Amino acid sequence: MTDAEESSVNRIAGGQFDKVVMAGAVHGDINVGRSGDSPADLADPLIASVRLKPGGTLADLVLDTDPPQVAVPGGTVHVITVEARTNRAVVLQSARIAVVSRTRPRPACLVVRVGGHLKPRPFTTDFDAPSPRLVAEGPDFPFTVSATDVEQFEIEPITTTHEVAWRLEVDWTCAGRHGTTVIDNHGEPFHAYPVPALYSGRSHTVLSSGCDLFHERGCPSNLLAASGAPVSLWDQPSSYPVLAPLAETPAAVDRDPDLKESWPEYRRVANAIRMAAASGDLRSHEPPERRALLIRVLRYLFVSGQAHPGAALGRLIHAEWTTALGADHPDTLAAANRLAGCLIGTTEHAEARDLLADLLPRASRVLGEEDPLTLIVASNLCVAYMGLNEYERARDQTEDVLARTRRALGPDALGTLRTTGNLMRIHLRLDDRAAALEVLDDLLPRCRRVLGEDHPLTVSAAAELAQIQE
């Protein structure tokens, strides 16, 4: 072989090649193009990408699950960009929504926030319909895409009653072939949460955490933020959230709801109860053990900073028990007292005062004036007066209630200690630091001895003493 002949030899080793040009000699230009007609390209010729943008409102939605999860509010616009893998035209014949599941909405918090040159093709779909379909708000299918000519679709999923998991299926034709491309969340379905389920008119429903422009103290968004996880779809680039399925929830818990270590159990139970209440399937008044659980759950919702769902649930329970058991049944009275506490927690002090003022004489008549529940109702009425800035009235009545409570329950009873704490706070609101300090000097040692250093009442009293002594 001569040197000239050797210079025209081409060798290719290793790798996989689509189109290969081998030339012994090249004179002038050579253009090599890729046809895009490989079997793999034609088997699934579409490439789709998805991003989210706010629909009617820009809002953060966090489900009250274990652990809490960021979710997508229904009405959030899914911007789907479709292009072709091949240079050939791909005709998009039709598209349809495939519903994967419909489930009862879970409790959640929603906070409304202030704050390409392609012309998208807008579509809506109503997931409340038995067979949801895409409804074009402009040109409808078919469309055509290629590697250099793309289409962008805006799909706004609407749901008002159920959480819906869904995928988009697109039928196409290309080079005499027909097929369907499934567009989803990297193998998982998209998700839409029914925001209307969180509201009834202007009021929050039992599923709502009560968040509005700001997060409530015990809401799932705050729990998620405490873990360091992102709580918003909009503040940082992130993947579409993948939601864990509904977990099994315990049927009951009998621990003290005032103790924080019991709250994870109560949260799961409370959320199951809230979902049942929202679906109209609560049936809360039987058996008696269930009533006792619900009264503890209402206490948990109040002490854990979830007074809004507590008030919504309390209204439902109180109305049902009043009808089924009677307004003067001891459990109905207890439920009314818990409802009033949650109303105080939501700053609806006037409604709480009216409820407690009606409740107190009935509790006195049915249970007796020195019954623990009667005394708690009387003490809570004083707290409602505090919320209405009637501090002198609250002080005089609290001193009377405290004397009765000490006499009936003893100086170290939990109810006595709580009422004593209320009196101390009233003195502070009246700017009588000396009287408040005198009460605290008696209260704090008793709390430490009877309840322990870690009890919420002890911690609160110690904090108040430190503040007074600053």
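Start with the second largest pocket of this predicted model, which has a volume of about 560 Å³. Select Asp64, Thr65, Asp66, Arg268 and Asn271: of the 24 lining residues, these are the closest to the pocket centre. Next, show helix H4, residues 263–278, which gives seven residues, the largest share of this lining. Coloured by class, the lining of the second largest pocket has 13 nonpolar, six polar and five charged residues.

Stay at Asp66, one of the residues closest to the centre of that pocket, and display its backbone. Is the peptide bond that joins aspartate 66 and proline 67 cis or trans? The bond is cis, with omega about 0°. Proline 67 sits in the loop between strand E2 (59–63) and strand E3 (69–70).

A second cis bond can be selected at phenylalanine 141 and proline 142, where omega is about 10°. Here the proline belongs to the loop between strand E8 (134–136) and strand E9 (143–145). Most peptide bonds are trans.

Keep Phe141 selected and add Ala95, Phe123, Leu134, Phe153, Ile155, Leu168 and Val170; together they line the largest cavity. The volume of this cavity is about 40 Å³. Strand E10 (151–158) and strand E11 (163–174) are the elements that give two or more residues to its lining. How many residues of each class line the largest cavity? There are eight nonpolar, no polar and no charged residues.

Follow the chain from E11 into the loop that leads to strand E12 (177–183), and pick alanine 175 there. Its phi is near 55°, a positive value in a residue other than glycine. Most residues other than glycine have a negative phi.

Now move to the helices and select H6 (residues 307–324) with H7 (residues 330–345). Their axes come within 8 Å and cross at roughly 155°. An angle over 145 degrees counts as roughly antiparallel, and H6 and H7 are therefore roughly antiparallel to each other. H6 passes H7 in a left-handed crossing. For the H6 side of the contact, show side chains including Ile317, His318 and Trp321; on the H7 side, residues including Leu339, Cys342 and Leu343 meet this helix. The residues of this contact divide into nine nonpolar, six polar and two charged.

Keep H7, hide H6 and add helix H9 (372–387). The axes of H7 and H9 come within 10 Å and cross at roughly 20°. With angles under 35 degrees counted as roughly parallel, H7 and H9 are therefore roughly parallel to each other. Their crossing is left-handed. Pro330, Leu333, Ala334, Asn337 and Ile344 in H7 meet Leu373, Ile376, Val377, Asn380, Val383 and Ala384 in H9. By class, this contact has nine nonpolar, two polar and no charged residues.

The last stop is the largest pocket, with about 1500 Å³ of space. Which of its 43 lining residues are the closest to its centre? Select Arg299, Phe302, Val303, Asn422 and Arg425. H7 and H9 are among the elements that give two or more residues to this lining, along with helix H5 (288–303), helix H10 (391–409), helix H11 (414–429) and helix H13 (456–469). A class colouring of the largest pocket shows 19 nonpolar, 13 polar and 11 charged residues.

Key
Residues are numbered from 1 along each chain as its sequence is written. This is a predicted model: local features need pLDDT of at least 70, side-chain atom pairs count only at pLDDT 80 or more; totals for chains, interfaces and linings use all residues. Side-chain values use heavy atoms; hydrogens and water are left out. Axes are lines fitted to C-alpha atoms, for helices over the stretch in contact, and angles run from 0 to 180 degrees between N-to-C directions. Helices (H or I, at least four residues) and strands (E, at least two) are DSSP runs, numbered from the N terminus. Angles under 35 degrees count as roughly parallel, over 145 as roughly antiparallel, 65 to 115 as roughly perpendicular and the rest as oblique. A crossing is left-handed if the near helix is turned anticlockwise from the far one by less than a right angle, and right-handed if clockwise. Contact means heavy atoms within 4.5 Å. Ala, Val, Leu, Ile, Met, Phe, Trp, Tyr, Cys and Pro count as nonpolar, Asp, Glu, Lys and Arg as charged, and the others, Gly among them, as polar. On a 1 Å grid over the protein atoms alone, a cavity is a set of points where a 1.4 Å probe fits but cannot get out, and a pocket is an open set with protein on both sides within 12 Å along at least five of seven lines; lining residues have an atom within 4 Å of a point. Grid points are joined across faces, edges and corners, and a volume is the space filled by probe spheres set on the points.
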